[in-house]
Amino acid sequence: PRPIHTPSSPNSMAASIPHNLPPSAPASPPTPAPSPTPLQRAPDWSTAAEHEDTNIRDVRALFVEMTDTEKQRLLAELLNMCNSQQLAFVQEFVSPRLKKDPFATFPDELCLRILTFIDDPTTLARSSQVSKRWRELVMDDMAWKSLCEKHAYRRLSDEAREADNENLASQPSVPTVQTPGASPYNNPIGFNSFRPAAITQLSMPGASNSAPDLRTQSLDRLRTPRVAKRRPKAMSYRSHFKQRYMVETAWRQGGKVDQRQITPDQGVVTSLHLTEKYIVVALDNAKIHVFDTDGCHQKTLQGHVMGVWAMVPWGDLLVSGGCDREVRVWNMATGAAIHTLRGHTSTVRCLKMSDANTAISGSRDTTLRIWDLQKGVCKHVLVGHQASVRCLEYHGDLIVSGSYDTTARIWSIKEGRCLRTLQGHFSQIYAIAFDGKRIATGSLDTSVRIWDPTNGACLAVLQGHTSLVGQLQMRGDTLVTGGSDGSVRVWSLTEYTAIHRLAAHDNSVTSLQFDDTRIVSGGSDGRVKIWDLKRGTQVRELSKPADAVWRVVFEEEKAVVMASRGGKTVMEVWSFSPPEDEFEDLRSASPVSMPDHTMTDY
């Protein structure tokens, strides 16, 4: 080895670095590692004295000419001479220079693949601020599409297809017919099967002209044509994720509410529907109020002479029935009455529409009637029940009805006859759900029974409620029930076991609806609560406590609460839509533009 001049002190080496070659400051690391603090940065060589360069000038020249092996031996000797403080300085100085940005080396395809493993939107959004290269990669839709899947947000292609279907459904000349294959309840819960929940209508039980029995609530799912939203469509998965994330965040800790008294006279809300065009409210004082989706009153439909206990909308069409034994057909756009259908001899308790021209009604006179709405005539009278028909559901050509005679019956709409009788309950049936593959019935005997519609066999008896089961909704392989014991239970229809047991309310559950992510329940204790479907935990309590909650319905970005507060019937319209200014330029929205408050962990 060549002879070298050993400096008199370790610090004299630093003095040999010329003023015109100062070492650069450490580059900002491309990883989340913290940058060096001011105390950890390299010394400022601009303040070095002239004599500090002389002793080490030759060493620098020799070091440049050395081989790699010789350089390593020299460095090892110098490091062996350093104390711990100097070694710490070397570590802090060298460590950032050993870091390498993988995205500057890897091909685009591999970089994008790596980004798909980020499941925290905050991390993904902030990573775009590391460098221009990182921003270019994060701006690609691949990672955001993966995030949409992880958060169970439906695909853009599904939204586009749904919008096309909604546009067709909104045209009066194109009737929409519900078929088994078109049911949104055929698919299990999950991203690939997600569709917006059909708006739920919860029919009010009890036919007294005074306060109804809040224990007897049944789920009445609604399949109505939807009109296309006017909001600008998201043009990328990045903007699509931002939009959906802000909606979900609002559901958990935000939202805007508009409260108003809907009628000067006190009335019990017996039925509530939320569609893309209307909020429709039926009362026990024979009135039906129609509002726009912002809660502004449009018109009052008057014609029934006693309480309205059931109704179902279809586009601009509304079919209603009540204690006056009549079924009435209305045009909600004009407020005109189209038909008055007579035939029942007692209160009409439940209504469904299987297509734009067919309605099915169930009555306390023990019969069901199938009506031709275009001609205004009764096509079939379904006779078989021995007591009041309390609830009904349909799927394709099949109707399932539940009765106070403790049985459920399966009927054919086309043939107008009973196909099967389901026997097993020991008391009245108050609620029913049917998705084409399974039938669920809730009864006063506290049990829920699952039936096979093809042969009428009882597949399972679900026990757990301690009182009347008056709320049912089935979605894929999940069933959610609510009872007058105040509890809400989530069941697996593959294992026939309880997944979650929620102590939801201090009194009867009066309203119940769920979609792929949340459960919304209302109770006669005056509270509305939102629950996480997968975790079984309470997310929040919506609105202030009331005297009683009559009805709650919701869709993707809106919820309507009907309650009694201070002796008045009030309506709360909750909006969870992002502010309009967030969508002025969806096409160019970037992760950096995401407000910090929307990126909280939920």
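**Cysteines**

I looked up cysteine 418 first. Cysteine 418 has 24% relative accessibility, so I noted this residue as partly exposed. The model is predicted. Next I took cysteine 323. Its relative accessibility is 8%, so cysteine 323 counts as buried. Then I asked how many disulfides the structure holds. I found zero disulfides.

**Aromatic pairs**

I searched the whole structure for aromatic pairs and got eight. I noted that a pair of aromatic rings is described by the distance of the centres and the angle of the planes.

I opened the pair of tryptophan 251 and phenylalanine 576. The ring centres lie 3.9 Å apart and the planes stand at 20°, so I logged the pair as stacked. The cut-off behind that word is an angle under 30 degrees. Where do the two residues lie? I placed tryptophan 251 in helix α9, residues 237-253. I placed phenylalanine 576 in the segment after β34, which runs over 568-575. The pair therefore ties together parts that are 325 residues apart in sequence.

Are these two residues buried or exposed? Tryptophan 251 counts as buried, because its relative accessibility is 1%. Phenylalanine 576 is also at 1%, so this residue counts as buried.

I then turned to tyrosine 404 and tyrosine 430. This aromatic pair is tilted, with 5.1 Å from centre to centre and 45° between the planes. I traced tyrosine 404 to the loop between β17 (398-403) and β18 (408-412). I found tyrosine 430 in strand β20, residues 429-434. The two are 26 residues apart, and the pair links distant parts of the chain. I checked the cover of each. Tyrosine 404 has a relative accessible area of 23%, so it is partly exposed. Tyrosine 430 has 9%, so it is buried. The line for buried is under 20%.

**Around tryptophan 251**

I went back to tryptophan 251. Which aromatic cluster holds this residue? I noted one cluster, formed by Trp251, Phe554, Trp574 and Phe576. I also found a charge at the ring of tryptophan 251. The charged end of arginine 518 sits over that ring, 4.2 Å from its centre.

**A surface patch**

Last, I looked at a nonpolar patch on the surface. Which residues make this patch? I listed Leu75, Leu79 and Leu87. The patch covers about 230 Å². I followed leucine 75 further. I placed leucine 75 in helix α2, residues 68-80. Its relative accessible area is 42%, so I entered leucine 75 as partly exposed.

Technical notes:
Residues numbered from 1 in each chain as written. Predicted model: local features only at pLDDT ≥ 70, side-chain atom pairs only at ≥ 80, totals over all residues. Heavy atoms only, no water. Phe/Tyr/Trp six-rings, centres within 6.5 Å; stacked < 30°, edge-to-face > 60°. Helix = DSSP H or I, 4+ residues; strand = E, 2+ residues; numbered from the N terminus. Buried < 20%, exposed > 50% of the residue type's maximum accessible area, 1.4 Å probe, protein only. Lys NZ or Arg CZ within 6 Å of the ring centre and 35° of its normal. Patch = residues over 30% accessible without salt bridge, like charges linked within 9 Å, V, L, I, M, F, W, Y side chains within 5 Å. Areas by Shrake-Rupley, 256 points an atom, 1.4 Å probe, with all protein chains shown as cover. Salt bridge = Lys/Arg side-chain N within 4 Å of Asp/Glu carboxyl O. Disulfide = S-S within 2.5 Å.
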